[in-house]
Amino acid sequence: MVLGVRPEHLHPATSEDEAGFEVNVEVVEPTGAETYLYVSHGDQALTVRVDPSLKAEPGQRLKVAPDLSKIHLFDEETEEAVR
């Protein structure tokens, strides 16, 4: 299975108990009404869209969590969506 999630459906975890995973912030791109964080988790590159009030810096470790109602699953071999 391959997990697909849009940048706006990832968010900084709000508590230690919230399910999520640690990422390393590589690049911070403020765009005005939102900020894009380009992060890595192992060898995977991800983009997280956050509120500009979040003060993140390159090199920072951050726990992020997906909105589980918005994730998409794909078959790794066929790349077709799993319903």
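1. Contacts of leucine 3. Leaving aside residues up to four places away in sequence, leucine 3 touches Ile71, His72 and Leu73. The model in which these contacts are found is a predicted one. Leucine 3 belongs to strand β1, which covers residues 2–4. A second pair shows how far this residue stands from another part of the chain: leucine 3 and aspartate 17 are 14 residues apart in sequence, and their C-alpha atoms are 21 Å apart in space.

2. The nonpolar patch. Leucine 3 also takes part in a nonpolar surface patch of about 370 Å², together with Met1, Leu73 and Val82. Leu73 thus appears twice in this account, as a contact of leucine 3 and as a member of the patch. Valine 82 is placed in the segment after β7 (72–74). Is valine 82 buried, partly exposed or exposed? Its relative accessibility is 36%, so valine 82 counts as partly exposed.

3. Overall architecture. The protein contains seven strands and zero helices. Read from the N terminus, the order of elements is β-β-β-β-β-β-β. Along the principal axes, the C-alpha atoms fill a box of roughly 40 × 25 × 25 Å. Contacts between residues at least 6 apart in sequence were also examined, and 57% of them join residues at least 24 apart.

4. Burial and surface. How much of the protein is made up of buried residues? Of the 83 residues, 20% are buried. The exposed area of the protein is about 5800 Å², and 49% of this area is supplied by carbon and sulfur atoms.

5. Charge. The protein carries 17 negative and 7 positive side chains. The centres of these two sets lie 6 Å apart. How many salt bridges does a search of the whole structure find? The search finds two; each is described below.

6. The salt bridge between arginine 61 and glutamate 22. The closest N and O atoms of this pair are 3.8 Å apart. The cut-off for a salt bridge is 4 Å between a side-chain nitrogen of Lys or Arg and a carboxyl oxygen of Asp or Glu. Arginine 61 is in strand β6 (residues 61–66) and glutamate 22 is in strand β3 (residues 21–30), so this salt bridge ties together parts that are 39 residues apart in sequence. Glutamate 22 has a relative accessible area of 37% and is therefore partly exposed.

7. The salt bridge between glutamate 34 and arginine 49. Here the side chains meet at 3.6 Å, taken from N to O. Glutamate 34 lies in the loop between β3 and β4 (35–41), whereas arginine 49 lies in strand β5 (residues 44–50), so the pair ties together parts that are 15 residues apart in sequence. Glutamate 34 counts as partly exposed because its relative accessibility is 24%. Arginine 49, at 33% relative accessibility, counts as partly exposed.

8. Two valines of strand β3. Valine 25 lies in strand β3, and valine 27 is found in strand β3 as well. Which description fits valine 25, buried or exposed? With a relative accessible area of 1%, valine 25 is buried. Valine 27, by contrast, has a relative accessible area of 42% and is therefore partly exposed. The limits needed for this reasoning are under 20% for buried and over 50% for exposed, with partly exposed in between.

9. The surroundings of these valines. Not counting residues up to four places away in sequence, valine 25 touches Tyr38, Val39, Glu57, Pro58, Gly59, Gln60 and Leu62. On the same basis, valine 27 touches Tyr36, Leu37 and Tyr38. Tyr38 is thus a contact of valine 25 and of valine 27. The C-alpha atoms of valine 27 and tyrosine 38 are separated by 5.0 Å, although these residues are 11 apart along the chain. Valine 25 and leucine 37 are 12 residues apart in sequence, with 6.6 Å between their C-alpha atoms.

10. The negative patch. Asp75, Glu76, Glu77, Glu79 and Glu80 gather on the surface in a patch of negative charge. Glutamate 79 is located in the segment after β7, and so is glutamate 80. Glutamate 79 counts as exposed because its relative accessibility is 64%. Glutamate 80 counts as exposed at 53% relative accessibility. The backbone at glutamate 79 deserves a remark: this residue has a positive phi of about 60 degrees although it is not a glycine.

Methods:
Residues are numbered from 1 along each chain as its sequence is written. This is a predicted model: local features need pLDDT of at least 70, side-chain atom pairs count only at pLDDT 80 or more; totals for chains, interfaces and linings use all residues. Side-chain values use heavy atoms; hydrogens and water are left out. Patches are made of residues with over 30% relative accessible area and no salt bridge: like charges are joined within 9 Å, nonpolar side chains (Val, Leu, Ile, Met, Phe, Trp, Tyr) within 5 Å. Accessible areas come from the Shrake-Rupley method with a 1.4 Å probe; for residues, only the protein chains shown count as cover. Helices (H or I, at least four residues) and strands (E, at least two) are DSSP runs, numbered from the N terminus. Buried means under 20% relative accessible area, exposed over 50%, partly exposed in between (1.4 Å probe, protein chains only). Contact means heavy atoms within 4.5 Å. Lys and Arg count as positive and Asp and Glu as negative; His and the chain ends are not counted. The place of a charge is taken as NZ of Lys, CZ of Arg, CG of Asp or CD of Glu.
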